[in-house]
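Thanks for sharing this one. Here are my notes, written to be read with the model open beside you.

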Amino acid sequence: MSTTRPYSPGDRGPEPSGASGASEEGAPTADAPTGAAAPSVPPGTAGGTRSTGGPHVRRIGLAGESGVVPLARDFARQALYTWGWLPAAGADQRAAAEDVLLVVSELVTNACLHAEGPEELLLACDNKVIRIEVSDRGTGQPAPRTPHRAGRPGGHGMFIVQRLCLDWGVVRTAGRPGKTVWAELGAPA
């Protein structure tokens, strides 16, 4: 697992077209954080979705909201229902959906505790991977606490993210405060 690579393996970085600037339903939203490792979205697709089974993208602004962790989990849960992950058809699909909700909770909680709160949550899903991105204005570098001590309170968030995800990392944009912490999980079979 990498915390230094700004993009996951095979990802060429953000789309220059800014195609993911709308929610899945086509309602306009704020642009994706510049330089954020957005999923590959073909130019000209509204909200990063295609009717041919391509990537689905949803985003929600969290800046200034209260109760952001349950808000983010509810938002992610609704996306999983829309994308057909829930209701789960079997144990593997249920476990995959629970992992997504846990990673969302951990990344948003870390932004609350260590980075002045989250600015935005972005979820992107294709047939193979779901990508979670949490943008914040913090300057810190998230990392699993080492050595990990299971019996001690606190310090488990990034350890959990590292264990559950295919990969994760941090993207920073020169000249802009903050960062985007991303994580990717495999879609259920």
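The points below go from the sheet to the helices and then to the charged pairs.

1. Please keep in mind that this is a predicted model. A good place to begin is the open sheet, where five antiparallel strands are arranged in the order S1-S2-S3-S5-S4. Its edges are S1 and S4 (167–171), each of which pairs on one side only. From one strand to the next, the twist averages 15 degrees.

2. Have a look next at the pairing of S2 with S3. These two strands run antiparallel and are joined by seven bridges. If you want a spot to zoom in on, Leu121 stands opposite Val134 in S3.

3. Two helices deserve a comment. H1 (residues 68–82) lies across S1, S2 and S3, and runs at about 160 degrees to S1. H2 (residues 91–114) has 24 residues and spans 34 Å between its first and last C-alpha, close to the 34 Å expected at 1.5 Å a residue. After H2 comes Glu116, with a positive phi near 65 degrees.

4. Now to the charged side chains: how many salt bridges does a search of the whole structure find? The count is five. One of them joins the side chains of Arg59 and Glu120, at 3.3 Å from N to O. Because Arg59 sits in S1 (residues 56–61) and Glu120 in S2 (residues 118–125), this pair ties together parts that are 61 residues apart in sequence. Both Arg59 and Glu120 are buried.

5. Another pair worth your time is Lys179 with Asp136, whose side chains meet in a salt bridge at 2.9 Å, N to O. Lys179 belongs to S5 (residues 179–186) and Asp136 to S3 (residues 129–136), so here the parts tied together are 43 residues apart in sequence. Are these two side chains buried or exposed? The cut-off for buried is under 20% relative accessible area. Lys179 has 7% relative accessibility and therefore counts as buried; Asp136, at 6%, counts as buried too.

6. Finally, do look at Arg131. Its side chain meets that of Glu133 in a salt bridge of 2.8 Å, N to O, and both Arg131 and Glu133 are buried. There is a further partner to include in your view: Arg131, Glu133 and Glu184 are linked in a network of salt bridges.

Methods. Residues are numbered from 1 along each chain as its sequence is written. This is a predicted model: local features need pLDDT of at least 70, side-chain atom pairs count only at pLDDT 80 or more; totals for chains, interfaces and linings use all residues. Side-chain values use heavy atoms; hydrogens and water are left out. Helices (H or I, at least four residues) and strands (E, at least two) are DSSP runs, numbered from the N terminus. The expected span of a helix is 1.5 Å times one less than its number of residues. A salt bridge is a side-chain nitrogen of Lys or Arg within 4 Å of a carboxyl oxygen of Asp or Glu. Buried means under 20% relative accessible area, exposed over 50%, partly exposed in between (1.4 Å probe, protein chains only). Two strands pair if DSSP finds at least two bridges between them. Axes are lines fitted to C-alpha atoms, for helices over the stretch in contact, and angles run from 0 to 180 degrees between N-to-C directions. Contact means heavy atoms within 4.5 Å.
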